[in-house]
Amino acid sequence: MADDLLDTRWGRLLVSGAAGIAGVAGSYALTGASPAFLASPVERTLTRTMPGAIVSFAITTLGSLGQQLNFVTAIGLTALFVALAARAALIFGEAANNRIVPAVGTALIVWVGAVVLTDEVVLSAGGALSAAGVVVVAQVLDAASDGSDPISAKRRRALGTVGLALGASALGFSVGRGRTPAATGDEAPPLQAPGADLEDAQAKLDTAEANGLAVDGIEPLVSEQFFEVDINSIDPSVDAADWSLTITGAVEEEITLDYDDLQAMAARNQFSTLRCVGETLNGKKMDNALWTGVPVDQFLDEAGVQSGCECVMLRADDDYFEEFPIDALRDGLLVYGMNGKLLPRSHGYPVRALVPGHWGEINVKWLTEIEVLEQEAQGYWEKRGWHGTGPVKAVAKLHHAELLDDGRRELGGHAYAGTRGVSAVEVSTDGGETWSAATLSEPLPDDDVWRQWTYTYDPPADAHTVVVRMVDEDGTVQPSEETGRFPSGPSGWVTREFA
Ligand SMILES: Nc1nc2c(c(=O)[nH]1)N[C@H]1C(S)=C(S)[C@@H](COP(=O)(O)O)O[C@H]1N2
Ligand SMILES: [Mo]
């Protein structure tokens, strides 16, 4: 059958490629954006094995684009793996002169590979069956051809196969999107936990609403769009019923807590702002929420800490880990609620650590283990050169500048200094020569929290530089010295030129 598409080299390549794309889409259709998606373990492996210097370079030069590139690479590699499986099965089928081998072989290789990578016996069928489906379609189209006008018929079949694979892929991606567990806070269900004081949570949220400044251009005191930073593009999806947290290592007695245990214990509602050490000085990765969780120190006492270094390693379901002083953790919460709702998957459902006053990176999401250490060790980001486990640096951000109808200009933003608190924000419109106090939002009931600021002035006719700085509760003015974000987080006063 010399006119068969699958008898030609390019035909087999084409069908294999189409099978690769369909395999990725079919996997996604069944799993959505969850760790069972075939590209997820591939991305994790890429992330973990990438040299730290390259990761840090990508973060500082590309920002989140670096991670997107990594994810696209992972999807490409996954499609390549499926395509190679189909190609091997096709070649083997031809050598054996067997019509069953190509489809069954494709399905089998992809399925075994997927099970090895994802540990999901049933969900691995999605990629395997769709890839095999493309091979079957190509075979059926070949079998149905009558042999006349071989070249153009082959082209038609080639187009048919590719078209079908792409159509099926589009369908697969839209089905998969629908299956992706809810990630955003708004979609999270309301909190219902025996130990949580929901009236207190609502009262605090009301306070935040009342204390916010009436400025359109800046985020409210409780962020509507809370930033996310993850080492992987696909978040773990942990079942609360299966979740447990163990306190291990240098303790008198190991402790294991499950979700019900935690929800039954007296919880606290606490405002806390998170800021990412890897963000630019005036970047957007700083946000505030009301967190509901159980104070962690009682568990450390119960376990009986025997640490030689007074330090702990927190570990998570996404293989993330961070090390820092145990004293910082003693002020922390095991959080299961956010803004009166269940903690969303994207922010660490079912349970994350909250460590007030420290850079975001030690606020470990999808927390599974607290290991009390004998000796200092390095966390995930410290292994990659960062120093982000300590207290946050103070910052006053400038995110809003608007000319008002009366010709004046309104400026605004947020200021944050960890648990040191914000007592004032000062604005200079002459490049730092003279300073004036900005208007601040009323403080929120907890200390580790940002404040909004606004300042309105008559802009001069010529070019001028606006500088913003904050003062903490002790009266300390935020240092003016500018540093980049790598390795210890950005410092300095935010400036902006107006022409
Ligand atoms: N398990 C886990 N926890 C994590 C991370 C992560 O990638 N995995 N990212 C950290 C970083 S760098 C920051 S800044 C904060 C961000 O928290 P958010 O995504 O809830 O805003 O989570 C931290 N906790
Ligand atoms: Mo971060």
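**A guided reading of the predicted model**

Leu108, Trp111, Val112, Val116, Val121 and Val122 make a nonpolar surface patch of about 590 Å². The structure in which this patch is found is a predicted model. One member of the patch, Trp111, belongs to helix H5, which covers residues 101-118. Trp111 is partly exposed, and its relative accessible area is 32%. In soluble globular proteins, nonpolar side chains tend to be buried together.

The overall division of the chain comes next. The domain assignment gives domain 1 (5-179), domain 2 (187-384) and domain 3 (395-498). Between the C-alpha centres of domain 1 and domain 3 there is a distance of 51 Å.

Helix H1 spans residues 9-31 and contains Arg9. Is Arg9 buried or exposed? Arg9 counts as exposed because its relative accessible area is 57%, and the threshold for that class is over 50%. The C-alpha atom of Arg9 is separated by 9.6 Å from that of Ile91, although the two residues are 82 places apart along the chain.

Helix H2 is formed by residues 39-49, and its buried residues are Ala39, Ser40, Pro41, Val42, Glu43, Arg44 and Thr47. The cover over these buried residues includes helix H4 (64-95) and H5.

Two residues of H2 also take part in the surroundings of Ile234: apart from neighbours within four places in sequence, Ile234 is in contact with Ser40 and Glu43, as well as with Ala33, Ser34, Pro35, Phe37, Phe71 and Arg345. Ile234 itself sits in the loop between helix H8 (198-211) and strand S1 (244-249). With a relative accessibility of 3%, Ile234 is buried, because buried means under 20%. Its partner Ser34 lies 200 residues away along the chain, yet the C-alpha atoms of Ile234 and Ser34 are 6.0 Å apart.

The interior can be described through its nonpolar cores. The largest nonpolar core has 88 residues, of which Leu334, Tyr336, Ile370 and Trp453 touch the most other members. Strand S5 (residues 311-316) supplies the largest share of this core, five residues. At least three residues of the core come from each of domain 2 (187-384) and domain 3 (395-498). Around Ile370, leaving aside neighbours within four places in sequence, the contacts are Leu245, Thr246, Ile247, Thr248, Val296, Leu300, Val312, Met313, Leu314, Leu329 and Leu334. There is also a second, separate core of 23 residues, among them Val82, Ala86, Val110 and Ala131.

Notes. Residues are numbered from 1 along each chain as its sequence is written. Chains are lettered from A and ligands numbered from 1 in the order in which they are written. This is a predicted model: local features need pLDDT of at least 70, side-chain atom pairs count only at pLDDT 80 or more; totals for chains, interfaces and linings use all residues. Side-chain values use heavy atoms; hydrogens and water are left out. Helices (H or I, at least four residues) and strands (E, at least two) are DSSP runs, numbered from the N terminus. Buried means under 20% relative accessible area, exposed over 50%, partly exposed in between (1.4 Å probe, protein chains only). Patches are made of residues with over 30% relative accessible area and no salt bridge: like charges are joined within 9 Å, nonpolar side chains (Val, Leu, Ile, Met, Phe, Trp, Tyr) within 5 Å. Accessible areas come from the Shrake-Rupley method with a 1.4 Å probe; for residues, only the protein chains shown count as cover. A salt bridge is a side-chain nitrogen of Lys or Arg within 4 Å of a carboxyl oxygen of Asp or Glu. Domain bounds come from an automatic or database domain assignment. Contact means heavy atoms within 4.5 Å. A nonpolar core is a set of buried Ala, Val, Leu, Ile, Met, Phe, Trp, Tyr and Cys residues joined through side-chain atoms within 4.5 Å.
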